[in-house]
Amino acid sequence: MAAYSVSVALTGSGGAGAMTAGQILLDAASKAGFFGLMTRSMGPQIRGGEAAALVRISTKPISSLDDHYDVLVAFDWGNINRFAAELPLAASSLVLTDPEQGEVPEAISVFGARVGELPMKAISGTIPGGRANMVGLGAVAGLIGLPIDAVIAVLTAQLGRKGPEVLAASTAALKAGADAAAALPAVAKLPPHTHDGGIRWNISGNEAAGLGALKGGIKFVAAYPITPGTEVLEWLAPALEKTGGALIQAEDELASINMIIGGSFAGLPSLTATSGPGLALMTESLGLAVASETPLVVVDVMRGGPSTGIPTKSEQSDLNIACFGLHGDAPHLVIAPNSIADCLFSTQYAVYLAEALQCPAIVLSDQAMGQSRNIIAKPPEYPYVAKRVVAEANVENYKRYALTNTGVSPMAVPGTPGCNYVADGLEHNERGIPSSQASDHQSQLDKRAGKLDAFDYEDHWADVEGEGEVAIITWGSVTGPVREALERAHAAGVKAKMISLRVIMPVQPAKMAEALKGVKKVLVVEQTHSQQFYKFLRGHYDLPADLQVVSRPGPLPIRPAEIVSRLAAWK
Amino acid sequence: MTVQPNLTAQDFKSDIKPIWCPGCGDYAVLAAVTKALAETGRKREDIAFISGIGCSSRIPAYTNVYGFHGVHGRALAIAAGVKLARPDLTVVAAGGDGDGFSIGGNHFMHACRRNVDMTYIIMDNEVYGMTKGQASPTTASDWCNSKLTPHGTGISPVEPVRLALAAGANFIARGFAGNPNEVARLIVEGINHPGFSFIQVLSPCVTYRPEQREWKQAVHASDATPAQLIAEAMHQLAADDGFTTGVLFAGNRQPFMPERKITATFADFERKFES
Amino acid sequence: MSELALFLAHAIALEEEAAERYAELADAMEVHNNKDVADLFRKLSHYSSLHLADVKKTAEGIELPKLKPWEYEWAATGGPESTAAEDTHYLMTPYHCIHLALKNERQGHDYYANAGKASPDAEVRKLALQFAEEEAEHVATLEKWAANVKEPAADWAEDMDPPAEVE
């Protein structure tokens with residue numbers, strides 16, 4: 001466990017308000033100057049289901065959950081078995097339980113944590129309008145040393161508009177809980193910390209992706225809702241509407257991918273967001289975008305697969321379909337953000353790349369990043385904005401698919417006189433006329449692959465951190481726990497480096513070879529059942545013979561301790 | 001939108017020679033489209049012509065405007081995207097009865113419902129010509145000449161104009177490839193009529209449906225004024241024989257187009273993340 | 001807008017339509033590798049172009065009405081000399097082509113002859129009859145060609161190869 005952070009789990013069901021309590025806790029941490037991460041776990045019910053808010057508060061920026069929770073506050077024990085596996089506790093952890101809710105269930109007691117009793121329901125009963133979850137929240141704040149003022153400030157901001165009585169009741173309940181904390185067993189406390197004065201953002205991966213799209217220059221979105229990608233679209237709807245763009249709800253994913261092909265053909269950088277099942281529907285038309293060289297971005301917020309799978313849980317198992325799911329030889333961009341903050345950069349970068357290279361870019365995010373909230377330092381401005389090579393008016397003998405040095409040929413935008421053309425999924429010659437000639441097929445295939453390979457992805461192709469003979473190769477959200485594991489390893493004197501791939505496609509063999517110079521052992525860490533990433537690396541990169549794989553499907557997150565112990569055991 | 005009055009139908013034809021079988025009704029539709037586009041006075045570069053897959057869908061390549069030859073059944077989605085992104089463009093979509101009513105059926109329904117300003121021309125030959133003559137959704141249930149359905153489909157065919165009306169299309173017309181000038185007139189009216197305009201053109205397939213030569217005898221002009229109310233149109237179309245040509249419905253639904261405005265900056269949205 | 005201008009507009013449209021449609025058919029026959037008929041249609045298109053040029057010359061200096069395609073007398077169809085699609089076939093022979101052209105020219109002749117009789121305007125009648133005479137000459141030429149062309153075999157439309165699937 002990291003000494004610079006504290007992890008708290010809040011669970012409850014049937015409207016107990018565990019989520020609200022968790023969000024307030026995260027916001028309060030930010031107000032007090034801390035960084036933080038909140039994920040959540042829920043039952044299948046739309047209302048009243050069992051829920052767990054999983055919050056980690058830290059003195060420095062974090063992008064991973066810790067190995068276990070220091071405190072588990074249970075407002076009740078409704079159906080806790082559903083996600084007990086996601087609430088690992090240590091002997092030093094404290095379970096705060098309400099005696100009115102009965103015995104601590106076996107699934108939790110099996111961890112062997114300490115138990116403290118807090119009669120949240122009873123205490124809240126003494127306060128008119130008081131809620132049990134506020135009592136619990138106050139107790140947590142007191143236990144972990146989070147300044148109660150910060151929590152009250154958040155409450156004021158959030159509940160202020162509900163009226164003074166509501167605010168007073170919640171504040172009173174909060175304070176009652178904090179007072180009760182004094183009598184509870186001690187837990188790990190947050191180190192003393194002052195706000196460094198920097199601007200903090202509380203943002204989810206899906207929101208970050210939306211913002212990255214906006215800043216990258218997206219002006220047209222066709223949307224079809226699907227868990228867990230819907231929030232990308234819901235964030236973009238008002239944002240586009242107010243900044244001169246447009247978002248349309250389509251009838252299905254087949255419509256949304258084709259609508260953005262139309263929007264892009266018409267000249268507007270266009271995007272949609274989906275998850276695995278939607279991406280599967282889109283593959284035919286993604287091929288159309290490749291063949292017709294139409295730029296666009298599809299954000300795939302991955303969830304448990306295959307088929308309907310586990311919509312509310314994370315996994316990295318869309319790697320195969322994102323890279324290889326298009327029929328024919330259809331090279332395209334696959335960009336993988338590796339943290340919630342990186343969802344902003346990577347999506348913005350993907351927009352830039354798609355427009356520059358006139359092809360589709362799939363951004364492989366996942367539910368863990370998409371639906372988790374992260375307190376981060378306000379990100380810098382990135383210089384990547386959509387800029388398409390467009391044809392000038394009245395080009396003599398305009399060839400839409402001219403064979404150029406870079407492989408990128410100027411794209412005529414409707415409205416430009418003298419260079420109208422017909423975009424086509426059929427193979428074509430340089431003019432765009434359908435062709436079944438071998439020479440045309442060869443040269444256009446070379447063009448479409450070559451343009452991607454010739455492009456300079458700078459040092460965005462991967463995050464390469466650290467030095468050593470051991471390298472951990474990973475991607476996406478698994479990068480968070482890997483980074484933290486390596487931090488601990490370094491502290492223990494182990495020299496290891498991390499390579500977290502961002503540009504999954506096109507592959508970067510030269511850069512990988514450079515990054516692997518001197519590396520004798522590779523550990524691949526990923527979240528799939530069939531080792532998709534490992535096989536991808538095997539197929540496209542030269543790797544040292546001494547290699548191990550940590551590969552596990554969702555829904556359980558990979559935790560830093562697992563990687564640390566795997567490294568330690570590997571001699 | 002500036003008008004350029006001096007373009008002829010020939011100006012709208014590209015130098016690509018159609019691969020349609022001689023005798024195909026689509027030649028007449030191409031003539032009608034090019035005449036119609038010339039009549040609208042719009043510039044070539046301001047027109048986008050979108051199609052799907054099939055013999056009929058080859059048509060954009062034979063015209064001299066911006067075009068997109070998309071995948072099977074999705075022309076209306078691409079066309080909607082083009083128009084919604086660029087309201088200034090004139091958008092025409094075209095395809096066959098299979099492309100439009102089989103795989104494209106869902107998009108057709110929603111396109112009628114969504115009522116984006118565009119014109120959709122279906123060249124209806126009641127067969128899948130490109131793939132060697134299977135029954136299409138508009139083929140009679142007892143047509144037995146396809147290897148795939150040797151006893152006929154046994155399924156009632158789609159009635160395109162009734163479907164369009166029920167789904168909300170704002171302009172519905174039917175033409176016949178044997179009367180290309182009439183088709184041109186309907187296309188011009190469709191383009192000028194706001195909202196989703198649907199034109200079913202009976203366009204015989206000389207190779208797989210040679211009996212469609214008889215359509216010439218069956219086709220007749222509508223003697224009713226185009227209905228403007230849906231109830232009235234439904235009543236008329238209930239008795240439609242499938243061969244009545246002319247404007248069948250001219251409604252007044254508002255076309256769908258999101259307003260573009262700038263009332264906030266990116267920074268306004270970034271600030272909302274501050275905590 | 002005078003009767004003469006209206007008539008000339010029709011004559012121009014008639015010849016233009018004929019020239020364009022014949023050219024399209026020539027292209028179509030070329031694409032379908034029916035060279036003999038392609039050449040014939042090319043010739044027919046050329047003759048129509050020549051006649052078109054004549055009519056345009058006659059119309060020089062006269063302001064012609066700008067009619068929409070469906071505003072001509074023949075309204076819905078493509079015009080008297082516009083080939084009906086069903087009269088063509090990728091295997092059609094020169095015999096068919098000439099008879100098709102004959103039908104068109106006769107229709108064209110009848111159109112002009114009718115205008116020559118029925119028009120209220122004397123100048124129109126004169127011009128129409130002149131055009132009708134020219135059409136009559138074309139008809140005569142074509143009748144000669146028809147006399148010299150071989151009748152097709154009974155199985156002229158038979159293709160041993162089945163239709164192809166190209167997409």
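**Exercise 1. A strand partner in chain A**

Which residue is the bridge partner of V334(A) in β19(A)? Place that pair in its sheet.

*Solution.* Keep in mind that this is a predicted model.

- Step 1: start with the pair itself. M505(A) in β19(A) is the bridge partner of V334(A).
- Step 2: widen the view to the strands. β12(A), residues 333–335, pairs with β19(A) in the antiparallel sense, over two bridges.
- Step 3: now take in the sheet. It is open, has seven strands and mixed pairing, and runs in the order β9-β8-β10-β11-β13-β12-β19 of chain A.
- Step 4: find the edges. β9 (246–249) and β19 (503–505) of chain A each pair on one side only. On average, neighbouring strands of this sheet are turned by 25° against each other, direction ignored.
- Step 5: add the helix that packs on the sheet. Helix α8(A), residues 230–242, touches β8, β9, β10 and β11 of chain A, and its direction makes about 135° with that of β9(A).

**Exercise 2. Two helices that cross**

Describe how α1(A) and α4(A) meet, from their axes down to their residues.

*Solution.*

- Step 1: look at the axes. Those of α1(A), residues 18–31, and α4(A), residues 132–144, come within 10 Å and cross at roughly 35°.
- Step 2: assign the hand. The crossing of α1(A) past α4(A) is right-handed.
- Step 3: list the residues. From α1(A) come A18(A), T20(A), A21(A), I24(A) and L25(A), which meet N133(A), G136(A), L137(A) and V140(A) of α4(A).
- Step 4: sort them by class. This contact has six nonpolar and three polar residues, with no charged ones.

**Exercise 3. Checking a helix length**

What span should the 13 residues of α15(A) have, and how far apart are its end C-alpha atoms?

*Solution.*

- Step 1: apply the rise. The helix covers residues 479–491, and at 1.5 Å a residue it should span 18 Å; the end C-alpha atoms are 18 Å apart, so the two values agree.
- Step 2: look at burial. The buried residues of α15(A) include T479(A), P481(A), L486(A) and A489(A).
- Step 3: find their cover. Among the elements covering the buried residues are β16, β17, β18, β20 and α18 of chain A.
- Step 4: follow the chain onward. After α15(A) comes G493(A), with a positive phi near 90°.

**Exercise 4. How the chains touch**

Which of the two touching pairs of chains has the most contacts? Work through the interfaces in turn.

*Solution.*

- Step 1: pick the pair. Chains A and B have the most contacts, with 44 residues of chain B in contact with 49 residues of chain A.
- Step 2: find the main contributor. α2(B) gives eight residues, the largest share of the side of chain B that touches chain A. By class, that side divides into 22 nonpolar, 11 polar and 11 charged residues.
- Step 3: zoom in on a strand pair. β15(A), residues 422–424, and β2(B) pair in the parallel sense over three bridges, and A423(A) stands opposite F68(B).
- Step 4: turn to chain C. 26 of its residues are in contact with 28 residues of chain B; by class, this side of chain C has 13 nonpolar, five polar and eight charged residues.
- Step 5: check the remaining pair. No contact joins chains A and C, and their closest C-alpha atoms lie 9 Å apart.

Technical notes. Residues are numbered from 1 along each chain as its sequence is written. Chains are lettered from A and ligands numbered from 1 in the order in which they are written. This is a predicted model: local features need pLDDT of at least 70, side-chain atom pairs count only at pLDDT 80 or more; totals for chains, interfaces and linings use all residues. Two residues are in contact if their C-beta atoms, placed from the backbone, lie within 7 Å. Helices (H or I, at least four residues) and strands (E, at least two) are DSSP runs, numbered from the N terminus. Ala, Val, Leu, Ile, Met, Phe, Trp, Tyr, Cys and Pro count as nonpolar, Asp, Glu, Lys and Arg as charged, and the others, Gly among them, as polar. Two strands pair if DSSP finds at least two bridges between them. The expected span of a helix is 1.5 Å times one less than its number of residues. A residue is buried if 20 or more other C-beta atoms lie within 10 Å of its own, exposed if 12 or fewer, and partly exposed in between; C-beta atoms are placed from the backbone. Axes are lines fitted to C-alpha atoms, for helices over the stretch in contact, and angles run from 0 to 180 degrees between N-to-C directions. A crossing is left-handed if the near helix is turned anticlockwise from the far one by less than a right angle, and right-handed if clockwise.
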